[in-house]
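Take a look at the protein chain shown here. The report below walks through its overall build and its charged residues.

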Amino acid sequence: MDKHGKSGSFIGRHRWRTTMDSPRSSFSSQKLPRKSSPVPDLSQLSDSNDDLDESIPDVDHEQILLEIERFTDELSMVDDKTSPPEVPDVIETFSLIIKSKTRKSTRFAARNGEVTDEDTFLYESVRLLWKLKTALGEFPDTSTLDRVNKLLHRTIMCMEEELRALLLNSKAKLPPEPSLRAMSSRHFSFRERSPTPEPSTDEEFPGISEEKMIRINKILTTMISVGYKNECSHVYSMARGNALYEQLKKLDFEKLNAEDVQRLNWELLEADISRWIRIIKHCSDVLIPAERKLGETVFADHLSVFRGLFINLVCSVITSLLDYARTVAQTAKRSAEKMFRFLDMYEALYSLREVVKDSDSSETKEEQSCNDLNKEISSVNDKIGEAALAMFGDLENSIRNDAAKTPVPGGAVHPLIRYVLNYVKYACDYEDTLEKIFKQQAKPNHPTSPEDMEKSALAAQVISVMGVLDGNLALKAALYKDPSLRSFFLMNNGRYLLTKVRESNEIKELLGDNWCRRRSSEVRHYHKSYQRETWTRLLQCITQEGIQVNGKVNKQVLKERFKNFNAMFDEIHKTQSTWVVREAQLLSELRASISAVVIPAYRSFVGRYKHHFEPGKSVKYIKYQPEDIEALIETLFDGYNNASMSRKRF
């Protein structure tokens with residue numbers, strides 16, 4: 001009992017649907033002059049001659065065939081068919097030759113695939129036996145006819161065995177495993193797609209040489225032409241079905257079990273899904289095209305026969321693979337991170353459907369079978385697409401549910417924003433696939449502006465995700481008790497988000513220039529709020545209002561102003577040195593903007609009032625020179641001294 005809970009061979013588990021109802025046909029032959037001689041009845045011949053090579057006379061085989069043809073033509077010209085015909089000696093000789101040439105020890109010894117004179121003689125013999133059988137069938141004596149039937153049957157069985165051996169005797173090897181796009185969300189990390197290796201061209205499937213194909217074509221054409229379409233079709237279907245199954249076994253096809261889907265954890269199930277994807281891709285890229293090419297070559301004279309066999313062959317191979325995919329789509333536990341593997345499944349089945357579409361037949365029955373298979377593939381793919389969209393929707397739910405109770409130290413970029421950006425960037429690799437799915441099934445989860453309504457379905461979904469992310473960041477910012485750190489966090493994360501969007505052409509194209517402009521405006525707003533909450537308050541310490549009383553500088557007020565400035569700057573520097581800005585450009589711009597606000601005002605204040613202190617005492621109150629302040633600003637936001645951060649500031 002195998003993993004699927006089924007036993008038996010591939011053929012037993014995948015029933016071939018072949019219809020064998022072919023009309024009989026025959027070769028046409030040139031009519032020869034009448035010549036006959038009385039001989040013993042053919043029924044007197046014994047099969048004991050099979051192993052007696054010495055009993056076969058040394059005769060010209062071509063001449064034998066000509067005489068058989070002549071005799072058959074004579075039979076068809078007889079008007080009185082009430083009495084048995086006289087059978088010539090050449091029939092006995094012909095019978096002995098056929099029996100000798102159809103022995104396995106003769107037919108299957110050291111064959112390289114090329115069509116030999118012996119093969120040509122055998123194929124022509126089948127045609128003549130069929131023609132002789134038809135002619136004898138008009139006479140009352142059945143003993144001679146029975147002997148011809150047995151000889152024909154013997155020859156056909158020999159050809160069947162030879163056909164089976166030729167179809168199975170291939171040396172096709174498996175191509176390199178294709179690389180699949182993959183992601184892992186355990187640490188918010190994604191793996192980029194690696195280049196797909198070039199498949200090997202050495203002995204590609206089906207691994208049957210051109211010489212063997214010619215020989216197979218001769219056998220099939222001969223058998224079909226004399227009314228043995230059913231027999232050769234059965235042999236072909238069984239042999240090629242087993243050949244395909246051997247290829248699938250090399251890809252661990254038998255390890256796929258729909259019953260395992262619910263009980264396996266995701267790591268193990270993902271490995272099975274990857275195996276399934278590889279099998280589907282191999283079917284689409286190699287097996288089905290190669291099988292079609294092989295069939296169209298060997299059935300070149302009877303393509304209508306092959307089309308029916310081919311569709312049934314494809315159905316038998318694909319049905320169980322579709323059952324597995326259907327089970328995964330319906331029962332696998334869903335989460336946002338699994339969407340990409342489902343999209344891989346969708347792409348694989350979409351390619352398979354296109355390959356099967358190319359197999360459409362003009363025959364009504366085969367066309368219906370092909371349509372039914374396409375419908376089944378589409379049905380399963382729709383379920384996979386529906387599951388993928390639900391997982392994309394789970395991304396928004398995951399963002400909403402990410403409710404941390406403690407803020408990120410130092411107002412740094414939150415891991416959630418990196419995760420969402422990586423997720424969206426990775427989704428852009430599947431943009432065409434997602435667009436197909438969205439157009440079929442998706443509706444935006446949130447109302448959008450008229451401008452957004454003009455965007456693609458994927459763009460609308462990504463905009464919706466960004467909106468949910470904004471709401472979550474606002475909640476996370478509220479965890480900071482310091483208003484300046486709250487604004488800093490929103491500015492820092494907003495700027496990081498905007499920068500990464502602009503660096504990705506795919507995401508930028510989805511979100512659009514207007515979204516980028518709005519985001520830039522929001523970042524400026526948070527930057528101004530941060531400046532106001534921190535540095536504007538600091539500059540209020542050195543305002544000139546109230547320093548002069550009746551036209552004179554009040555030194556006590558001046559001293560308090562410098563003392564307050566020093567204390568507040570020390571506290572700002574101590575706190576904001578532990579804040580974190582990792583983006584170099586933002587760090588440089590932020591420090592420059594602070595210096596542009598603080599340094600000119602402080603320099604002006606110091607220059608105006610430092611001479612009001614007695615010589616040597618100014619250092620007590622003017623703790624920092626403008627250059628010192630500028631140097632200290634350059635040490636802000638490095639994220640150092642986290643241990644000294646005042647927890648009361650949150």
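What follows covers the whole chain, then its salt bridges, then its charged surface patches.

**The whole chain**

This is a predicted model. The protein chain has 22 helices and 4 strands. Of its 650 residues, 49% are buried. Its accessible surface comes to about 31900 Å². Carbon and sulfur atoms hold 48% of that surface. Now consider contacts between residues at least 6 apart in sequence. In 82% of them, the partners are at least 24 apart.

**Salt bridges**

Side chains of opposite charge can pair when their charged atoms come close. The structure holds 28 salt bridges. The table lists three pairs, including the N to O distance for each.

| Acidic partner | Basic partner | N to O distance |
|---|---|---|
| Glu 161 | Arg 164 | 2.7 Å |
| Asp 252 | Lys 255 | 3.8 Å |
| Glu 560 | Lys 563 | 3.8 Å |

Start with Glu 161 and Arg 164. Both sit in helix H6, which spans residues 142-168. They are 3 residues apart, so about one helical turn separates them. Glu 161 is partly exposed, with a relative accessible area of 34%. Arg 164 is partly exposed too, at 28%.

Next comes the pair Asp 252 and Lys 255. Asp 252 has a relative accessible area of 29%, so it counts as partly exposed. Lys 255 is partly exposed at 42%.

Helix H19, residues 555-576, carries both Glu 560 and Lys 563. These two are 3 residues apart, about one turn of the helix. Glu 560 is partly exposed at 32% relative accessibility. For Lys 563 the value is 43%, again partly exposed.

Salt bridges can also share partners. One network joins Glu 69, Asp 73, Glu 124, Arg 127 and Lys 131 in this way.

**Charged patches**

Which residues form the positive surface patch? They are Arg 502, Lys 508, Arg 524 and Lys 528. Helix H18, residues 505-539, gives the most to this patch, with 3 residues. Lys 528 lies in helix H18. Its relative accessible area is 56%, so Lys 528 is exposed.

A patch of negative charge also lies on the surface. Glu 627, Asp 628, Glu 630 and Glu 634 gather there. Where is Glu 634 placed? Glu 634 is in the segment after helix H22, which covers residues 626-633. Glu 634 is partly exposed, with a relative accessible area of 41%.

Technical notes. Residues numbered from 1 in each chain as written. Predicted model: local features only at pLDDT ≥ 70, side-chain atom pairs only at ≥ 80, totals over all residues. Heavy atoms only, no water. Buried < 20%, exposed > 50% of the residue type's maximum accessible area, 1.4 Å probe, protein only. Contact = heavy atoms within 4.5 Å. Areas by Shrake-Rupley, 256 points an atom, 1.4 Å probe, with all protein chains shown as cover. Patch = residues over 30% accessible without salt bridge, like charges linked within 9 Å, V, L, I, M, F, W, Y side chains within 5 Å. Salt bridge = Lys/Arg side-chain N within 4 Å of Asp/Glu carboxyl O. Lys, Arg positive; Asp, Glu negative; His and termini not counted. Charge placed at Lys NZ, Arg CZ, Asp CG, Glu CD.
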